[in-house]
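Reader: I should like a close look at a single part of this structure, with its partners and its surroundings described in one connected account. Please begin with the rule by which partners are assigned.

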Amino acid sequence: MKKSLLTLFAAIAFISCKTETDKNADTATTEAEVITEERTPEQEVAFKIAEANGLANWENVSQLEFTFNVDRGDTHFERAWKWSPKTNDITMISEKDSVNYNRQAIDSLAMDADKGFINDSYWLLAPMHLVWDETGTNLKLQDTATAPMSKELLKKITITYGDEGGYTPGDAYDFYYDDNFMVREWVYRRGNVSEYSMVTTWEDYNDYNGIKIASDHKAPENAVHLYFTDIAVKTEE
């Protein structure tokens with residue numbers, strides 16, 4: 001059995017800890033509320049990607065459960081979450097602890113858990129954040145781009161976060177997507193530098209009550225394997 005190693009998370013936890021104010025209670029925002037004026041070409045693509053992943057059904061989600069897993073060599077890390085998007089009540093369950101908190105009232109005791117939630121939920125729902133994280137971000141399109149792992153010719157949209165606010169500001173993500181607007185690979189660039197900090201696949205898509213989630217992410221040569229288990233999306237009747 002693989003052993004649990006908390007230091008493994010320390011090495012990768014920053015990967016998707018983006019702007020705190022961008023991924024809070026407002027993530028339940030509907031499409032009409034996000035942008036009411038005419039969309040730019042970049043926004044149009046962002047919406048098509050989010051819509052391909054079930055954006056229209058998000059407003060019906062009452063609870064989301066998932067376990068975030070990371071394997072590296074013989075080490076294994078996992079952490080489970082229960083999230084009510086409409087109220088922003090969150091429960092984190094790890095090997096050592098269980099924490100209940102609300103994102104509208106984060107105290108010092110909940111801060112570490114919230115950093116983990118931002119990271120893990122961003123991996124889970126990154127295509128939605130192309131729309132949700134409108135404030136303080138910049139979008140850029142590339143019609144034809146070579147995917148870093150498969151070398152396939154895909155399309156690319158890059159989201160860059162502002163230099164202020166949140167847990168790790170200033171980062172950039174390159175989403176490589178196909179003709180159906182489904183993400184197939186992505187690159188994380190810490191601090192928006194040209195060299196990537198991490199690149200992984202986006203695979204094993206499944207539909208959970210109208211929300212499409214890629215549950216499997218592999219780095220080159222399987223150096224890191226990040227994946228989700230126990231995914232459950234509950235919707236309002």
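Author: Two strands are taken to pair if DSSP finds at least two bridges between them. The model is a predicted one, and the part chosen here is strand β2, residues 61-72.

By that rule β2 has a partner in strand β13, residues 225-235: 9 bridges join them, and the two run antiparallel. Within this pairing, F68 of β2 has F228 of β13 as its bridge partner. Strand β3, residues 75-84, is also joined to β2 by 9 bridges, again in an antiparallel arrangement. Here N69 stands opposite E78 of β3. The connection between β2 and β3 is a hairpin with 2 residues between the strands, and G73 in its turn has a positive phi of about 60 degrees.

The surroundings of β2 follow from its accessibility. Of its 12 residues, 9 are buried, so the strand is largely enclosed by the rest of the structure. In a regular strand, side chains alternate between the two faces of the sheet.

One charged residue of β2 deserves separate attention. E65 has a relative accessibility of 19% and therefore counts as buried, the cut-off being under 20%. Side chains of opposite charge can pair when their charged atoms come close. The side chain of E65 forms a salt bridge with that of K234, at 3.6 Å from N to O. This contact links distant parts of the chain, since E65 lies in β2 and K234 in β13, 169 residues apart. K234, with a relative accessible area of 41%, is partly exposed. β2 and β13 are thus connected by backbone bridges and by this side-chain pair.

The E65–K234 contact may be set beside others in the model, for which the count comes to 8 salt bridges. Among them is the pair of R184 and D178, whose closest N and O atoms are 2.8 Å apart. R184 is partly exposed, at 34% relative accessible area, whereas D178 is buried at 14%. Another joins the side chains of K218 and D216, at 2.3 Å from N to O. Salt bridges with shared partners connect E203, D216 and K218 into one network. Of these residues, D216 is buried, with a relative accessible area of 10%, and K218 is partly exposed at 25%.

Notes: Residues are numbered from 1 along each chain as its sequence is written. This is a predicted model: local features need pLDDT of at least 70, side-chain atom pairs count only at pLDDT 80 or more; totals for chains, interfaces and linings use all residues. Side-chain values use heavy atoms; hydrogens and water are left out. Buried means under 20% relative accessible area, exposed over 50%, partly exposed in between (1.4 Å probe, protein chains only). Helices (H or I, at least four residues) and strands (E, at least two) are DSSP runs, numbered from the N terminus. A salt bridge is a side-chain nitrogen of Lys or Arg within 4 Å of a carboxyl oxygen of Asp or Glu.
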